[in-house]
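Visitor: I am new to this structure and would like a close look at a single part of it. Could you take me slowly through the salt bridges and the residues that form them?

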Amino acid sequence: MHMLDKEVKDEILHSEQNADLRGGCWSRSRYSVFFTINAMGLLKVYDILTGLGSPVTTFRVCNECLTAIAPHENGQLLAVGSHDGNIYLVECSEGHVVNTKTDKANLIAYLERCSHFEKTVDARLKEIRLMQASEDFATDHSAFVSKEHKNTENNKERNKDRTQVKEKDEDSKKKFRTRRLEKDDKSFFEELAESEAAFFQTVKKVKKNLSS
């Protein structure tokens, strides 16, 4: 059995029943009393103020499965229907019908405590979910920052490698140009020496011709 609160949209009272429940209704005269019927032919009476762990009264209506129950307006009688089509009138005792002076106030206070408890639990669960969400966000953010830092370090390493490769290329080009200049200078001086030798030979020939 479950009793719901429309404000918290959740149950504020809960009771486990072993038998197969078939129906139930509230008392029309006493605020805290309600009735249930089951497949074993039993009518059970509960009073919220005395607890939901066990019924205050259990009454066997018949040996058939009970299927319907409805209270009379004055709360004194109950109409109970069975699976075989029979209808039984059950008269409630005075203790299940007449309210005491404190029943209404006690019931309201009890239900308010139950509702407050459920609201407190619901609020606490929301806080826990928010804390878990914040922790998950912090974990994801840390992982993201770590990944970004790692990517930055990798980019720095790649840029460093590229710079080193570029410097090596520049050094290779400089060495190549230096060797080429040295080679060009050597060729130039060799050609100059050959030209000077040819010039001096020509001068000697001319001088010899003039002497003869």
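**A close look at the salt bridges**

Guide: The structure holds 4 salt bridges, where a salt bridge is a side-chain nitrogen of Lys or Arg within 4 Å of a carboxyl oxygen of Asp or Glu. This is a predicted model, in which local features need pLDDT of at least 70 and side-chain atom pairs count only at pLDDT 80 or more, while totals for chains, interfaces and linings use all residues. Residues are numbered from 1 along each chain as its sequence is written, and side-chain values use heavy atoms, with hydrogens and water left out.

One of the salt bridges joins the side chains of D47 and R30, with 3.6 Å from N to O. This pair links distant parts of the chain, since D47 belongs to strand β5 (residues 42-47) and R30 to the loop between β3 (21-26) and β4 (33-38), 17 residues apart; helices (H or I, at least four residues) and strands (E, at least two) are DSSP runs, numbered from the N terminus. Both D47 and R30 are buried, a word that stands for under 20% relative accessible area, with exposed meaning over 50% and partly exposed in between (1.4 Å probe, protein chains only). For R30, the label follows because its relative accessibility is 12%.

R30 also forms a salt bridge with D103, and here the closest N and O atoms are 3.0 Å apart. Again the pair links distant parts of the chain, for D103 lies in helix α1 (residues 103-211) and R30 in the loop between β3 and β4, 73 residues apart. D103 has 5% relative accessibility, and therefore counts as buried.

Another salt bridge, between the side chains of E127 and R124, has 3.0 Å from N to O. E127 and R124 both lie in helix α1, where they are 3 residues apart, about one turn of the helix. E127 has a relative accessible area of 42% and so is partly exposed, and R124 likewise counts as partly exposed, because its relative accessibility is 43%.

To return to the residues described earlier, R30, D47 and D103 are joined into one network by salt bridges that share partners. Within that network, R30 is the residue that meets D47 in one salt bridge and D103 in another.
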